Amino acid sequence: MRTLTLLGIVSALLVSGTVPSAAADSATSAENTVDAYVDAFATPGVAAAVISRGGVDLIVRGRDGAGRAITSETPFRIASMSKSMTATAIMLLVQDEGLDLDDRVIDRLPEFTMVDARHADITIRQLLSHTSGLGLQTNDEFALPAPRTTRAVVAELRERRLAAEPGARFEYHNTNYTLAARIVEVVSGQSLDDFLRQRLFVPLGMLDSRSVDACDQGTDEVAPGFSVVLGFAYVMPEMPGRCGGNGGVVSTLADMVKWLRFNQGDIGAFLLNSNLLDELHAVQPGTDSYALGWQRSVPDDSSASGAVSHGGTLATFTGSMAFEPETGTAAVVLTNGVGSPGELTQNLIDEAEGVSAKPYENPLDTANSILLGLVVLALILLLVTALRAPRWAVRIHAARRPRLWLRMIPLTLVIVAGLFIPLTPALLGGSMNWQYWVIDVWLFPLLDLLGVVLVLGGTSALVSRIVALRVVPARLRGRRQVESVGSARLSHARET
């Protein structure tokens with residue numbers, strides 16, 4: 001490890017200007033754009049950089065989950081931006097180990113098997129371009145408990161089927177990149193973390209970057225991220241998940257600047273053949289805009305090459321990176337909360353090129369405001385229903401045809417709705433997963449809160465009515481007996 005560190009230091013010295021410092025005055029516009037983003041999304045911590053021909057502007061704001069000020073050396077989980085690194089690892093094997101992108105996966109990874117015989121036709125290129133046929137409908141990669149290693153994720157596929165014919169369509173599916181990571185491990189004989197550090201991170205001077213297999217796997221350096229609801233940010237551990245190869249890299253702003261400059265061809269040319277680097281950024285067969293670990297935008301002007309970008313989203317960290325091949329302008333954004341970092345990245349690039357930034361809108365605030373309103377309304381209505389159960393029972397008892405079972409249906413439906421409402425994200429994705437009661441604790445906590453209020457409040461109101469139906473008639477009978485005795489005594493008194 002000391003040898004690798006020394007190599008990284010030497011490499012960093014050789015690639016001059018890897019992370020140039022920028023004067024605060026030249027970054028005023030970028031700083032205002034970052035501040036506007038922080039205001040819109042209540043983001044606890046942001047580290048952003050703008051790369052242009054004039055140098056690099058670094059902007060940092062806020063704190064990490066341990067309360068420390070964000071700097072360019074603060075570690076972040078970079079989520080799906082990790083895919084660009086896994087794809088590059090594959091390209092290094094193509095360059096040095098005789099691997100071919102169109103090799104069948106089973107020929108390079110014999111342990112990969114599925115009950116669907118079509119899996120034998122999947123190629124490495126299809127994994128990296130998300131055209132393998134793997135999909136969420138037949139492989140719920142958010143199911144808990146999540147496997148902790150790439151080997152375990154591959155083993156999990158043994159009982160699964162493909163959602164489509166290999167090469168037939170594009171479907172973004174993280175498991176593709178876990179399979180690619182496992183290929184790197186089997187072919188190289190190293191863990192993905194060791195391979196990336198030895199072959200990419202250290203040579204590029206990215207000495208603070210590493211890769212983990214589980215989304216919530218801790219490291220000594222990275223602090224927890226945040227959940228943010230209606231402007232209130234609170235520290236949360238990362239949600240368990242399968243991140244090996246597809247979202248497990250932990251890095252810093254300084255390191256990510258180097259990663260962008262490598263992909264722009266500015267540094268590290270000795271690492272990867274330029275043709276292979278270009279292939280990483282080229283739109284692949286079967287996709288409209290996806291390359292290999294990168295997204296390629298399709299510009300209105302056919303003469304332009306289109307921006308190369310990729311975002312990353314975990315439960316408590318989000319980020320985005322992009323560069324314009326035509327102008328050389330690039331930007332990277334790392335945050336430790338929810339939001340829309342792709343918008344910030346694009347605004348930073350636009351402003352660097354003289355285009356006005358677009359205003360930010362936070363749809364999560366709108367959705368959470370509606371959910372909070374529904375929670376309060378449901379709580380009030382169900383509380384009033386429970387408290388007024390005796391009056392309701394009196395009216396029902398006075399009715400000639402009470403039809404009690406029909407009158408219980410509305411509250412029963414409220415309870416059933418409460419059970420299913422937290423599953424909304426899963427249902428929208430085409431699956432039925434009761435584990436979303438747990439997953440929503442990170443993603444949509446107010447959905448869980450609404451579900452709890454409907455289930456508990458509806459049950460309370462229903463039980464209150466059932467009890468009232470049993471108690472109130474007895475009270476009424478007792479009252480009538482008392483009234484009857486009183487009337488008899490009054491009549492007797494009048495007679496006498």
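The following exercises concern salt bridges in a predicted model.

**Exercise 1.** Determine which parts of the chain the salt bridge between aspartate 116 and arginine 161 links, and classify each partner as buried, partly exposed or exposed.

*Solution.*
1. The closest N and O atoms of aspartate 116 and arginine 161 are 4.0 Å apart, and the two residues form a salt bridge.
2. Aspartate 116 lies in the loop between helix H4 (105–108) and helix H5 (124–128), while arginine 161 belongs to the loop between helix H6 (150–156) and helix H7 (175–188). With these positions 45 residues apart, the pair links distant parts of the chain.
3. Aspartate 116 has a relative accessibility of 3% and therefore counts as buried.
4. Arginine 161, with a relative accessible area of 46%, is partly exposed.

**Exercise 2.** Locate the partners of the salt bridge between arginine 242 and glutamate 156.

*Solution.*
1. An N to O distance of 2.9 Å accompanies the salt bridge between these side chains.
2. Glutamate 156 is in helix H6, and arginine 242 is in the loop between strand E6 (232–236) and strand E7 (249–251); they are 86 residues apart.
3. Buried means under 20% relative accessible area, so arginine 242, at 9%, counts as buried.

**Exercise 3.** Describe the placement of arginine 182 and glutamate 185 in helix H7.

*Solution.*
1. The two side chains meet in a salt bridge at 3.1 Å, N to O.
2. Arginine 182 and glutamate 185 are separated by about one helical turn because they are 3 residues apart in helix H7.
3. Both arginine 182 and glutamate 185 are buried.

**Exercise 4.** State how many salt bridges a search of the whole structure finds.

*Solution.* The search finds 19 salt bridges. Asp116, Arg118, Arg161 and Glu165 are joined into one network by salt bridges that share partners.

Technical notes
Residues are numbered from 1 along each chain as its sequence is written. This is a predicted model: local features need pLDDT of at least 70, side-chain atom pairs count only at pLDDT 80 or more; totals for chains, interfaces and linings use all residues. Side-chain values use heavy atoms; hydrogens and water are left out. Helices (H or I, at least four residues) and strands (E, at least two) are DSSP runs, numbered from the N terminus. Buried means under 20% relative accessible area, exposed over 50%, partly exposed in between (1.4 Å probe, protein chains only).
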